[in-house]
Amino acid sequence: MKLTYSIPCIILMATVVSFLGFVVENVWLAFTKGYMDNRNMALPFLLGYGVAIVTLFIMLGTPKNSTFFDRLPFLNTSFKRVSFYFMCAFFFVCVAEILLGTFIEKSCHIVLWNYSRFTLHITKYTSIPTSSGFAFIITFFMDKCFTPIMDAISQIDYETSKDISIVFLALMVFDFAVNSFKMFKNKSFNQTWKIDFKHSDEEEEVTT
């Protein structure tokens, strides 16, 4: 399997993952807090997830196809490669969450998330249970989904994929920049819509 893809393909993969990140965060919120919202963006894309996956791919490749892992003789079985990838993803998530969470708190005076309620938390911005969960999702995605999706994207005509990637990249970067500036300026979240499942259930109980 190949490790190199065209830049438009990489951007389109980042777009797919950015959308999946939006979905994952809202599913998590729905189950843990009983609501879904726009996650501070106008569009259903969280660019950070796309950038993170592309960065991991550039650094490590995938568990099955990694020039970096090929240089480590002790990673001589599929299980060892997947396990080591998981550990790398775990460390990556911990560092990224601490840096991003701290930066936003210092610059915007906003605490985007707080894992202090979890046991084994490392600062308020990361914890062993949550980072393990993210690392598992990342490792599974990179091992089972990344290459098939990239191969499917690669089937798109180059000029077409270039045009589509430019449009999506421009939209995501513009959305991220505008809403990040709003958060910095207003020192508050950009919640434009919210679906509150708990409140809806309470209303149904009252009306019945």
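**Exercise 1.** In this predicted model, find which lysine lies over the face of Phe184, and at what distance from the ring centre.

*Solution.* Start from the ring of Phe184 and look along its face: the residue there is Lys187, at 4.1 Å from the ring centre. A charge counts as sitting over a ring only if NZ of Lys is within 6 Å of the centre, and 4.1 Å satisfies that distance limit.

**Exercise 2.** Identify the ring that lies beneath the charged end of Lys194.

*Solution.* The ring belongs to Tyr35, and the charged end of Lys194 is 4.4 Å from its centre.

**Exercise 3.** State how many aromatic pairs the model has, then classify the pair of Tyr5 and Phe57 and place both residues in the chain.

*Solution.* The count is ten aromatic pairs. For Tyr5 and Phe57, the centres are 5.9 Å apart and the planes make an angle of 45 degrees. Planes under 30 degrees apart would be stacked and over 60 edge-to-face, so this pair is tilted. Tyr5 lies in the segment before α1 (7–32), whereas Phe57 belongs to helix α2 (residues 47–60), 52 residues away. Are these two residues buried or exposed? Tyr5 and Phe57 are both buried.

**Exercise 4.** Repeat the classification for Phe69 and Tyr85, and name the aromatic cluster that contains them.

*Solution.* The centres of Phe69 and Tyr85 lie 5.8 Å apart, with 75 degrees between the planes. An angle over 60 degrees counts as edge-to-face, and the pair is classed accordingly. Phe69 is in helix α3 (residues 67–70) and Tyr85 in helix α4 (residues 78–108), with these positions 16 residues apart in the numbering. Both residues, Phe69 and Tyr85, are buried. They share one aromatic cluster with Phe68, Phe74 and Phe84.

Notes:
Residues numbered from 1 in each chain as written. Predicted model: local features only at pLDDT ≥ 70, side-chain atom pairs only at ≥ 80, totals over all residues. Heavy atoms only, no water. Phe/Tyr/Trp six-rings, centres within 6.5 Å; stacked < 30°, edge-to-face > 60°. Helix = DSSP H or I, 4+ residues; strand = E, 2+ residues; numbered from the N terminus. Buried < 20%, exposed > 50% of the residue type's maximum accessible area, 1.4 Å probe, protein only. Lys NZ or Arg CZ within 6 Å of the ring centre and 35° of its normal.
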